[in-house]
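User: Hi, I've got a structure open and I'd like to go through it with you. Can I throw some quick questions at you?

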Amino acid sequence: MKALDYYELGLSVIPLEYKNKKPVINWKPYQERQPTREEVINWFSNKPRNVGIVCGKVSGNLFVIDIDNEEGYNRFMEKIKQTRIEELVDNTWIVRTGKGYHIYFRCEEPVKSRRFKGCDVKGEGGYVVAPPSVHPSGNYYSFVKKGQIVLLSKSEFDELIRILESLFSEQSLESDKLNEIVELFLPYWQPGRRHWLALMLAGAFYHNGRTLEDCKEVVKRICKRTGDEETKDRLRAVEDTFKRAAKDIPVAYKALKDEVALEEFEELCEKLLTLIKGDFIYGFSSLWIKRDQSTYYVLSFKSKDIKKIRIDRDGNRILKGFIAKFIPIDLTLIQGRDAEVVKVELETPDGNILKLQGTIGELVSFLKEHSVRVTSYNEFRDAFNLIINKMIEKGLCKIERGEAITGIVLDDEELKALEINTELPSSEELREALELLNKFVELSSFSPRRIRKLAAIIRWFTVSAFKWCFKQLGLWLPDLYIYGESDTGKTKTAQFLSNIWKEQPMGSIGTIDSSFRFGLAASRGTLPVIINEMNFDELGSEIIEMWKTSVDQKKIRTRYGRDVNAYAPLCFTSNSHLPVERAIRKRLVFVNFDITDIKELQERKEEFERLFLERSKLNAIGRFAFSFVSENPQILEVGWDRAAIAILKAAYKHARLEQPKWVGEECDEDESALDVKEDYIRTFIRKEIIRAGYSVTTPIDDVLFRIEWLDFQPKKERVIIRPAFVRSLEKEGITISSLRD
């Protein structure tokens, strides 16, 4: 590639000195704008130059992983094996530099530059040297892999950064820090305590990512300073503790607390954490868990309480208050289909034991009702979530599987049903179900476009329960988004068709207003979940990122870091138009129900209600679909829409019914895009009409259907109004100067 080739790909190119990394121009303006074609030609036409590419927003949110050497690159490639990052790396640009490697990515959001030991991430404010430049050593920059620069979602970027941090973050401590730890422990290194202190040091070093070698060096220095003649035994204990911790067999504090009585132990823990830059100690006196940069929750096993402590800039400990007057002494997390349940034993300062089981919300309610001492119930909820998360991470909390999920999975390449009826229906049962479906389509169809929209929804529901199977095959099923004005039939349609996979009528759940509720909805099983009143514009970024990940990845991470499987296909109904953001739209099948259908729906209301009474019959379609896919599992590999068409065609054939025309019509992406365009335009025009003091009536909606009189330029967020449209409004008695202008 040459400089002009990079320019044509939308990258901001700058000239560098030949065999050097130094820019020959003031390159800062090109962090804000790309150079012109003439500038690029002028820079690289007259003399040999190295090529620089500016990272960041100006180059489409480009960022580059700069690994210093071959050893670091090999460690990175080994670390990402069998992770979703491996496939992303395999499909993006990789460049061999003078001594190391560059890996190119784009992200949905701008990326800040950051440094690690042996690796940098070049983002905003940075640039990289690109092929065919020459390194000062004489080596050429060359492509190892070249295709397209892969775009990462935020969750994929976060996972990538976690991998880089685990590989290239500083782990060893400086010798001065080791000496400070030695000085800290010298006063306490006494007979009866020494063995347990060595174990505590080993646990603290291991759980906070410090090396075995550093821990052994600290113990050696302490033994030498104190004349401890059992140095070999101490080092053996440290090595054994590292091995046991690596096997998730932690040393329980109960075995230690009776042997040691250090009144100052909590202060010792706090100082040790500061020195090793850690956030976790599980020992015989306390458990420290970092809440933020300077605040910890501390479980004291001596006083049996949970404190909140802040460390100031000088390292002083400041007690900010008590969270609770009890501690968890035995903890089990039961992961069920609809919720995570905690089974816990709480010990109070007077030695009483409370045995509780329930969700965290239920535990908080119980504590309130029984006046158990909790200073702030909201803060206790947050603290307890962090405690559970940290103890899971460190292997100190047992995890059990609760109620099995409901739905369909692939087990050793065979379809397996979990807690649902998949008995093959008789021909008569299937015929009744398909005839009911035909009646629903006929009753709901007021125009050819409405039929096509219903067909897309039916096909989605037909294969929705196979969502996890698609993911297991490396594919994915988009979620469904049905939007339109009130009373256009979107929720009723979703509820009716959801019975394809449920014998009993299915209801809907309320809108998602927290990451916790979203996690429950997404992990409850593979049967479709209907979520009403969805509005992406009002969701926080945390929930949106969780949802994006839930569509095309197997797992999502909840607020407190726990991973749950994203089983459920989600059907959203909404009065809000679809967001313009591409990252959201590409994960959805979106269908718009027109406001002009309301009148027809109202006239046929009684007929719809009679159909709804029979909707449980539709389950025969789901049972047939399971049987058909069990015999033809390869059908899922053709993609969700074509698989649904094949299933429905087979169902009508098996029931000896004539196949309706709508069955074979695949999703029309152009028509879906037109739905989005029309929805945006209608919303804009209605607002203008109402702002001018007019009411929106059915004749006006007829005018709005004349979409050829309108145009929408999404990049400029501008609606173009043609004169014919304004004249049509005037015939309805509406004159709006803002549209004419």
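User: Where does glutamate 428 lie?
Analyst: Glutamate 428 is in helix H14, residues 427-444. Helices (H or I, at least four residues) and strands (E, at least two) are DSSP runs, numbered from the N terminus. This is a predicted model, where local features need pLDDT of at least 70 and side-chain atom pairs count only at pLDDT 80 or more, while totals for chains, interfaces and linings use all residues. Residues are numbered from 1 along each chain as its sequence is written, and side-chain values use heavy atoms, with hydrogens and water left out.

User: Is glutamate 428 buried, partly exposed or exposed?
Analyst: Glutamate 428 is partly exposed, as its relative accessible area is 41%. Buried means under 20%, exposed over 50%, and partly exposed in between (1.4 Å probe, protein chains only).

User: How far is glutamate 428 from alanine 655 in space?
Analyst: They're 7.0 Å apart, C-alpha to C-alpha, with their positions 227 residues apart in sequence.

User: And aspartate 641, buried or exposed?
Analyst: Aspartate 641 counts as buried because its relative accessibility is 9%. It lies in helix H24, and its C-alpha is 8.2 Å from that of valine 463, 178 residues away in sequence.

User: Switching to rings: how many aromatic pairs are there?
Analyst: There are 19. Rings of Phe, Tyr and Trp (its six-membered ring) pair if their centres lie within 6.5 Å; planes under 30 degrees apart are stacked, over 60 edge-to-face, and the rest tilted. Take phenylalanine 326 and phenylalanine 380: they're edge-to-face, 5.6 Å centre to centre, with 75° between the planes.

User: Which parts of the chain does that pair link?
Analyst: Distant ones, 54 residues apart: phenylalanine 326 is in the loop between strand E15 (317-324) and strand E16 (327-335), and phenylalanine 380 is in helix H13 (residues 377-393). Both phenylalanines are buried. Phenylalanine 380 also forms a stacked pair with phenylalanine 384, at 5.3 Å centre to centre and 25° between the planes. Those two sit four residues apart in H13, about one turn of the helix.

User: What lies over the face of phenylalanine 322?
Analyst: Lysine 325, at 3.8 Å from the ring centre. The cut-off is NZ of Lys or CZ of Arg within 6 Å of the ring centre and within 35 degrees of the ring normal. Lysine 492 lies over phenylalanine 612 in that way, at 4.8 Å.

User: Which residues touch the most other members in the largest nonpolar core?
Analyst: Ile408, Phe461, Phe466, Leu480 and Trp662, out of 63 residues. Helix H24 (residues 640-654) gives the largest share, nine residues. A nonpolar core is a set of buried Ala, Val, Leu, Ile, Met, Phe, Trp, Tyr and Cys residues joined through side-chain atoms within 4.5 Å.

User: What is leucine 480 in contact with?
Analyst: Leaving aside neighbours within four places in sequence, its contacts (heavy atoms within 4.5 Å) include Ile457, Trp460, Phe461, Leu570 and Phe572.

User: Which residues of helix H6 are buried?
Analyst: In H6 (residues 175-185) they're Leu178, Ile181, Val182, Leu184 and Phe185. Down the axis, they fall within an arc of 160°, so they line one face of the helix. That arc is of the directions from the helix axis to the C-beta atoms.

User: Last one: what's the mean pLDDT?
Analyst: It's 79, and 76% of residues reach 70 or more. pLDDT is the predictor's confidence in each residue, from 0 to 100. Over residues 246-263 it stays under 50, and residues 697-708 are also below 50. Where pLDDT is low, the predicted coordinates should not be read in detail.
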